[in-house]
Amino acid sequence: MIEAAPRSAAKPYRDIRGSDLRRHQRVKVSMLGRYMLSDRREYPCQTVDMSPGGVRLTCAVVGDFRERVVLYLEHIGRIEGTIARLLPGGFAVQLIATPRKRDKIASQLTWLANRDSLGLPEGRTHERLTPHVAGVVLRLESGREVPARIIDLSMSGVALSTATAPPLGATVMVGRTPGRVVRYFEGGLGVQFMLPISPDLFHEGLTL
């Protein structure tokens, strides 16, 4: 007879990678990204929820029903699919992926779902990096240009070391990349990009 495991052996970690998740159990998760419609134009977006079989997005430009979409999402990378439902303020995408890719997405969603409850670190490998060329020019709304140094960056923003302190909410150019000042810290500031960097371009050789 198989004995039941003691209750103390139960783990708080929620394993959502199994067949239930593959059958479209959705995880509420907010990730920045961008998407390309069939006309090859790109737009910013943010996820509302996701499963290995589909994702719901909030966005400003809605494509057509059954239109093919290419997505670039933080933590997930590049995925493809077709528009399955048109929704107020966005649309839902049915993903086109191999079983191996779906399992990988399920694993990433498991990590995201458990990150806050288990106190896991914010970043995964390569989520934040320091480029080889850390020096950059910060251009203010007035047109003034000041030197800055990149401390680290993610696909959605950058931490800069600079003696200049533009007001919170100010629009700036970090090199050629537009953004908005969102926070201060000792010796620098944080800028959120207007559009997230594509995962294809997110590496140490990146130039903003």
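In this predicted model, leucine 86 is located in strand E6 and is partly exposed, its relative accessible area being 48%. Together with Val62 and Phe65, Leu86 forms a nonpolar patch on the surface, for which the combined accessible area is about 270 Å².

Strand E6, which spans residues 77-87, is also among the elements that give two or more residues to the largest nonpolar core, the others being strands E3 (42-51), E4 (54-58), E5 (68-73) and E7 (90-96) and helix H2 (99-118). Of these elements, H2 provides the largest share, four residues. The core comprises 23 residues, and those with the most contacts inside it are Tyr35, Met50, Leu71, Ile79, Phe91 and Leu95. When residues up to four places away in sequence are not counted, tyrosine 35 touches Leu71 and Phe91, and its further contacts include Arg41, Tyr43, Pro44, Cys45, Cys59, Val61 and Val69. A second, separate core consists of 22 residues, among them Leu129, Val146, Val174 and Phe202.

Backbone geometry was examined next. Most residues other than glycine have a negative phi. Arginine 40, although not a glycine, has a positive phi of about 75°; this residue lies in the loop between strand E2 (32-36) and E3, and arginine 40 counts as exposed because its relative accessibility, 64%, is over the 50% cut-off. A positive phi, near 70°, is likewise found for arginine 66, which is placed in the loop between E4 and E5 and, at 64% relative accessibility, counts as exposed.

Methods:
Residues are numbered from 1 along each chain as its sequence is written. This is a predicted model: local features need pLDDT of at least 70, side-chain atom pairs count only at pLDDT 80 or more; totals for chains, interfaces and linings use all residues. Side-chain values use heavy atoms; hydrogens and water are left out. A nonpolar core is a set of buried Ala, Val, Leu, Ile, Met, Phe, Trp, Tyr and Cys residues joined through side-chain atoms within 4.5 Å. Buried means under 20% relative accessible area, exposed over 50%, partly exposed in between (1.4 Å probe, protein chains only). Contact means heavy atoms within 4.5 Å. Patches are made of residues with over 30% relative accessible area and no salt bridge: like charges are joined within 9 Å, nonpolar side chains (Val, Leu, Ile, Met, Phe, Trp, Tyr) within 5 Å. Accessible areas come from the Shrake-Rupley method with a 1.4 Å probe; for residues, only the protein chains shown count as cover. A salt bridge is a side-chain nitrogen of Lys or Arg within 4 Å of a carboxyl oxygen of Asp or Glu.
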